[in-house]
Amino acid sequence: LQMQLATALAVEPLEFGVASQAWNRRYPTDPGLDLVAFEKWSARGEHGAAASALGRLEEFVGGDHYLRALRGVQLARAGQVDLGRRLAEDAVGAEPDLVTGYDALLGIAIRARNFAEIARVLDDVADHLPINPRELVQAQPQYADFLASAEGRQWLSRKPEINLPRRRPMTNAPARPRS
């Protein structure tokens, strides 16, 4: 069934529907279908279905900030912008260095052309992530309207220096004894 489902995802929606129904009959409580299918639903513009799949996955694993942020994006694209934004903000509030959460918030603000919100989130990015948001907005075409806006020009002018957080690189190596 898994091979049939994966093949059906690449072939056509009707075949995928048949394969997903067979999966659900055979494994009614298994989140595997949602894990495989949410991206396909999103790519096809079925953002409500993708958000529902992510919600079921999050419930299955007992909560997950990454999944919550992704679900926020899908809900915003499905027209539930406020709920989507709230979920992404919850995810970032719980895990301040969650890149996906900031990406979700920026994507929602860009789609809404909410330039003040973009500036606010970029400030948070500067405070919490080892990313220079100035370089980000100047290199990515989706920020062109923001940079041309009064809010974007003001943000650039008041953010001359970005203080990147200094974090020790993550490693699996054992700690060295101090001498």
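This report describes the fold, the cores, two helices, the largest pocket and some loop residues of a predicted model.

## Overall fold

The protein contains 11 helices and 0 strands. Read from the N terminus, its elements run α-α-α-α-α-α-α-α-α-α-α. Of its 179 residues, 37% are buried. Among contacts with a separation of 6 or more, 46% are between residues 24 or more positions apart.

## Nonpolar cores

In soluble globular proteins, nonpolar side chains tend to be buried together. In this model the largest nonpolar core has 22 residues, and Leu106, Ile118, Leu122 and Phe146 have the most contacts inside it. At least two residues of this core come from each of helix H5 (65-77), helix H6 (81-94), helix H7 (99-112) and helix H8 (115-128). The helix that gives the most to this core is H8, with 6 residues.

A second core, separate from the largest one, has 12 residues, including Leu33, Phe38, Trp41 and Leu57.

The contacts of Leu106 give a closer view of the largest core. With neighbours within four places in sequence left aside, Leu106 is in contact with Ile118, Val121, Leu122, Val125 and Tyr143. Two of these partners, Ile118 and Leu122, are also listed with Leu106 among the residues with the most contacts inside the core.

## Helices H4 and H6

Helix H4 covers residues 47-61. Its 15 residues should span 21 Å at 1.5 Å a residue, and its end C-alpha atoms are 21 Å apart, so the expected and modelled spans agree. The buried residues of H4 are His47, Ala50, Ala51, Ala53, Leu54, Gly55, Leu57 and Glu58. These buried residues pack against H3 and H5. After H4 comes Gly62, with a positive phi near 85°.

One residue of H5 shows part of this packing. Gln74 lies in helix H5. Gln74 counts as buried because its relative accessibility is 6%, and the cut-off for buried is under 20%. Outside its neighbours within four places in sequence, Gln74 is in contact with Ser42, His47, Ala50, Ala51 and Leu54. Of these partners, His47, Ala50, Ala51 and Leu54 are among the buried residues of H4.

For H6, the 14 residues should span 20 Å at 1.5 Å a residue, and the end C-alpha atoms are 20 Å apart, which agrees. The buried residues of H6 are Gly84, Arg85, Leu87, Ala88, Ala91 and Val92. They lie on the same side of H6, because they cover an arc of only 160° around the axis. An α-helix has 3.6 residues a turn, so residues three or four places apart point the same way. The cover over the buried residues of H6 includes H5, H7 and H8. Asp82 and Gly93, on the other side of H6, are exposed.

## Largest pocket

The largest pocket has a volume of about 440 Å³. It is lined by 23 residues, of which Thr100, Tyr102, Asp103, Ala104 and Gly107 are the closest to its centre. Helix H3 (32-43), H5 and H7 each supply at least two residues of the lining. The largest share, 10 residues, comes from H7.

## Loop residues

The table lists three residues in loops between helices.

| Residue | Loop | Relative accessibility | State |
|---|---|---|---|
| Gly79 | between H5 and H6 | 56% | exposed |
| Arg113 | between H7 and H8 | 48% | partly exposed |
| Ile131 | between H8 and helix H9 (133-139) | 28% | partly exposed |

Most residues other than glycine have a negative phi. Arg113 is not a glycine, yet its phi is positive, near 55°.

Two of the loop residues can also be placed relative to a residue elsewhere in the chain. Gly79 is 32 residues from His47 in sequence, and their C-alpha atoms are 9.0 Å apart in space. His47 is one of the buried residues of H4, whereas Gly79 is exposed. Ile131 and Val99 are 32 residues apart along the chain, with 9.6 Å between their C-alpha atoms.

Technical notes. Residues are numbered from 1 along each chain as its sequence is written. This is a predicted model: local features need pLDDT of at least 70, side-chain atom pairs count only at pLDDT 80 or more; totals for chains, interfaces and linings use all residues. Side-chain values use heavy atoms; hydrogens and water are left out. A nonpolar core is a set of buried Ala, Val, Leu, Ile, Met, Phe, Trp, Tyr and Cys residues joined through side-chain atoms within 4.5 Å. Buried means under 20% relative accessible area, exposed over 50%, partly exposed in between (1.4 Å probe, protein chains only). Helices (H or I, at least four residues) and strands (E, at least two) are DSSP runs, numbered from the N terminus. Contact means heavy atoms within 4.5 Å. The expected span of a helix is 1.5 Å times one less than its number of residues. The arc is that of the directions from the helix axis to the C-beta atoms. On a 1 Å grid over the protein atoms alone, a cavity is a set of points where a 1.4 Å probe fits but cannot get out, and a pocket is an open set with protein on both sides within 12 Å along at least five of seven lines; lining residues have an atom within 4 Å of a point. Grid points are joined across faces, edges and corners, and a volume is the space filled by probe spheres set on the points.
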